[in-house]
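Colleague: Could you take one part of this model and walk me through it slowly? I am new to reading structures, so a connected story would help me most.

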Amino acid sequence: MKSRTEDQLSPDPLKKARATRPLRFWHALVPVALLVIFIIWGMILGPRIFDLPSWPLEFTFLLSAICTWLLLFYLGFSFEDVTQAMADRTRTALPAIWMLMAIGVLIGAWTASGTIPMLVHYGMLMIDPSWIYVVALLLTSLFSVLTGTSWGSVGTIGVVLINIGVATDANLGLLAAAIISGGYFGDKMSPLSDTTNMASMGAGVPLYAHVRSMLNTTGPAYIIALILTTAFGFAQPARSAGVDVSSFTQPVAEDLATAFSFNILVWVPLLVMLVGAALRLPPLPT
């Protein structure tokens with residue numbers, strides 16, 4: 001007979017626990033359906049149609065969790081069964097939590113030390129209005145891979161690209177599509193991305209195996225996007241591609257170079273990350 005301690009260390013107490021009612025497929029759908037309903041009502045229908053205050057997202061998740069607890073009690077699971085399962089799930093999520101904390105510290109340190117400003121600085125100097133769409137796709141891809149953030153890429157170098165697009169009378173819709181595509185592709189492929197790390201941990205597979213598997217679908221899509229972006233760039237080039245855009249990029253690049261010291265030490269964190277990814281070292285210590 002197993003001891004109480006062994007039961008507590010069980011990897012899935014809810015599987016060991018016996019529900020007094022038979023488990024059906026719709027029981028698994030109820031929590032998800034309720035969460036969707038609460039989000040639609042509290043954040044969309046209520047405020048927009050009935051002029052009600054919008055529900056905070058935290059309240060929406062809490063309400064859905066309470067309903068899930070009530071469903072588990074209805075099925076016959078005890079309070080101890082549910083709390084033990086929550087504790088075990090939290091324990092399995094700890095590596096992901098540590099990784100998210102490490103990424104936050106890393107990005108903050110890279111911003112304060114000049115690594116990310118250095119990327120923005122040299123990225124601005126690489127922008128060519130004659131190839132602005134392709135440059136936008138490649139530049140945001142590289143930026144997102146190195147920093148692990150699509151929003152950060154779009155919100156920094158992407159804003160600069162949009163300003164240059166306005167100055168050169170480029171097609172802003174195509175330019176925005178290239179910026180967003182590059183940002184999200186780099187985010188998915190980056191070992192520093194929080195969503196990529198969470199997905200690999202949730203699936204229980206090594207990080208770099210997860211990234212390699214995504215190349216089967218994301219890689220061809222990226223190649224198609226690159227081909228189409230190049231073709232549309234020839235079909236709808238920036239009308240004022242010959243405009244000197246240094247008046248937009250040079251002041252900001254010079255300000256960044258003045259505020260930070262772009263020496264070899266600023267490149268070291270990027271080199272460590274790239275070498276760690278090439279050698280497939282564990283992402284957290286890297």
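Modeller: Happy to; what follows is a close look at one helix, H10, and its neighbours, with a short stop at H6. Keep in mind that this is a predicted model.

Let us begin with H10, which covers residues 172-189, and with H7, which covers residues 132-147. Their axes come within 7 Å and cross at roughly 25 degrees. Angles under 35 degrees count as roughly parallel, so H7 is roughly parallel to H10. The crossing of these two helices is right-handed.

Which residues of H7 and H10 meet? From H7 come Ile132, Tyr133, Ala136, Leu137, Thr140, Ser141, Ser144 and Val145. On the H10 side, the partners include Leu174, Leu175, Ala178, Ile179, Gly182, Gly183, Phe185 and Met189. Sorted by class, the residues in this contact are 11 nonpolar, seven polar and one charged.

Now look at another neighbour of H10, helix H12, made of residues 207-235. Here the axes come within 11 Å and cross at roughly 160 degrees. Angles over 145 degrees count as roughly antiparallel, and H10 and H12 are therefore roughly antiparallel to each other. Their crossing is left-handed. H10 brings Leu174, Ala178, Phe185, Lys188 and Met189 to this contact, while H12 brings Val211, Met214, Leu215, Thr218, Tyr222, Thr229, Phe232 and Gly233. By class, that gives nine nonpolar residues, three polar and one charged.

One more residue of H10 deserves a visit: Ile180 lies in this helix. Is Ile180 buried or exposed? Its relative accessible area is 41%, so Ile180 is partly exposed. From Ile180 to Pro220 there are 40 residues in sequence, and their C-alpha atoms are 17 Å apart in space.

Finally, let us turn to H6, which links back to H7. Helix H6 runs over residues 115-126, and its 12 residues should span 16 Å at 1.5 Å a residue; the end C-alpha atoms are 17 Å apart, which agrees. H6 is mostly covered, with nine of its 12 residues buried. Those buried residues are Thr115, Ile116, Pro117, Met118, Leu119, Val120, His121, Gly123 and Met124. They pack against H7, and also against helices H5, H9, H13 and H14.

Definitions and conventions
Residues are numbered from 1 along each chain as its sequence is written. This is a predicted model: local features need pLDDT of at least 70, side-chain atom pairs count only at pLDDT 80 or more; totals for chains, interfaces and linings use all residues. Side-chain values use heavy atoms; hydrogens and water are left out. Axes are lines fitted to C-alpha atoms, for helices over the stretch in contact, and angles run from 0 to 180 degrees between N-to-C directions. Helices (H or I, at least four residues) and strands (E, at least two) are DSSP runs, numbered from the N terminus. Angles under 35 degrees count as roughly parallel, over 145 as roughly antiparallel, 65 to 115 as roughly perpendicular and the rest as oblique. A crossing is left-handed if the near helix is turned anticlockwise from the far one by less than a right angle, and right-handed if clockwise. Contact means heavy atoms within 4.5 Å. Ala, Val, Leu, Ile, Met, Phe, Trp, Tyr, Cys and Pro count as nonpolar, Asp, Glu, Lys and Arg as charged, and the others, Gly among them, as polar. The expected span of a helix is 1.5 Å times one less than its number of residues. Buried means under 20% relative accessible area, exposed over 50%, partly exposed in between (1.4 Å probe, protein chains only).
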